Amino acid sequence: MKISFDLDDTLIPGCIAFPTEKQNAFQKLLGIEPIREGTINLMKQLKTEGHSICIYTTSYRKTFAIRFAFWTFGIALYTVVNQTRHNEVLKEKKNLYSKYPPAFKIDLHIDDSPGVGLEGQRFKFRTVIINDDAPWANQILTALNRC
């Protein structure tokens, strides 16, 4: 299964603060953004189970920069969809969806935005909208077990 994760406020703190993975001196020196605590273990577990890990973000961060940042944490990404790629692939429909994982053959999208969850219901794609009610990784694993 191809699983995508949003970045801002899902894996990378922004408006929402949450504990992050420890960064090494190399990551700090290069200005690598911190990622949510538990991301490394979750993504390694998902890969061990045969899933492909993707990033789908509405930011304009460069694809290489995203791949490199996750590589420094020991995570190899299957694919990265940033706003530029989203716009290129969806063309005239780019403004109909903030995210549209089926266009990238993504089976499940993880996000913090309830609006993305509503889009998933409306446009028939699977989402997990993480919240503070339960540990975030458990929410994802529980959703995968329902498949």
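The following legends describe several views of one predicted model.

Residues are numbered from 1 along each chain as its sequence is written. In this predicted model, local features need pLDDT of at least 70, side-chain atom pairs count only at pLDDT 80 or more, and totals for chains, interfaces and linings use all residues, while side-chain values use heavy atoms and leave out hydrogens and water.

**View 1. The whole chain, with its 6 helices and 5 strands.** Helices (H or I, at least four residues) and strands (E, at least two) are DSSP runs, numbered from the N terminus. Along the sequence they follow the pattern β-α-α-β-α-β-α-β-α-β-α. The C-alpha atoms fill a box of roughly 45 × 35 × 30 Å along the principal axes. The radius of gyration of the chain is 15 Å, in agreement with the value near 15 Å for a compact globule of 147 residues; this radius is taken over C-alpha atoms, and the globule rule is 2.2 Å times the number of residues to the power 0.38. Buried residues make up 45% of the 147 residues, where buried means under 20% relative accessible area, exposed over 50%, and partly exposed in between (1.4 Å probe, protein chains only).

**View 2. The largest nonpolar core, with 30 residues.** A nonpolar core is a set of buried Ala, Val, Leu, Ile, Met, Phe, Trp, Tyr and Cys residues joined through side-chain atoms within 4.5 Å. F5, I55, F70 and I140 touch the most other members. At least two residues each come from β1 (2-5), α2 (39-48), β2 (52-56), α3 (63-72), β4 (108-111) and α6 (136-145). Helix α6 gives the most, with 6 residues.

**View 3. The surroundings of I140 and a separate core.** Leaving aside residues up to four places away in sequence, I140 touches F5, L42, I110, V128 and I130; contact means heavy atoms within 4.5 Å. Apart from the largest core lies another, of 7 residues, including C54, L90, Y97 and I106.

**View 4. The two faces of helix α5 (residues 114-123).** V116, G117, E119 and G120 are buried in this helix. These residues lie on the same side of α5 because they cover an arc of only 160 degrees around the axis, the arc being that of the directions from the helix axis to the C-beta atoms. The buried residues of α5 pack against β4 and β5 (126-129). On the face turned away from the buried side are the exposed residues P114, L118, Q121 and R122. Just after α5, K124 takes a positive phi of about 65 degrees.
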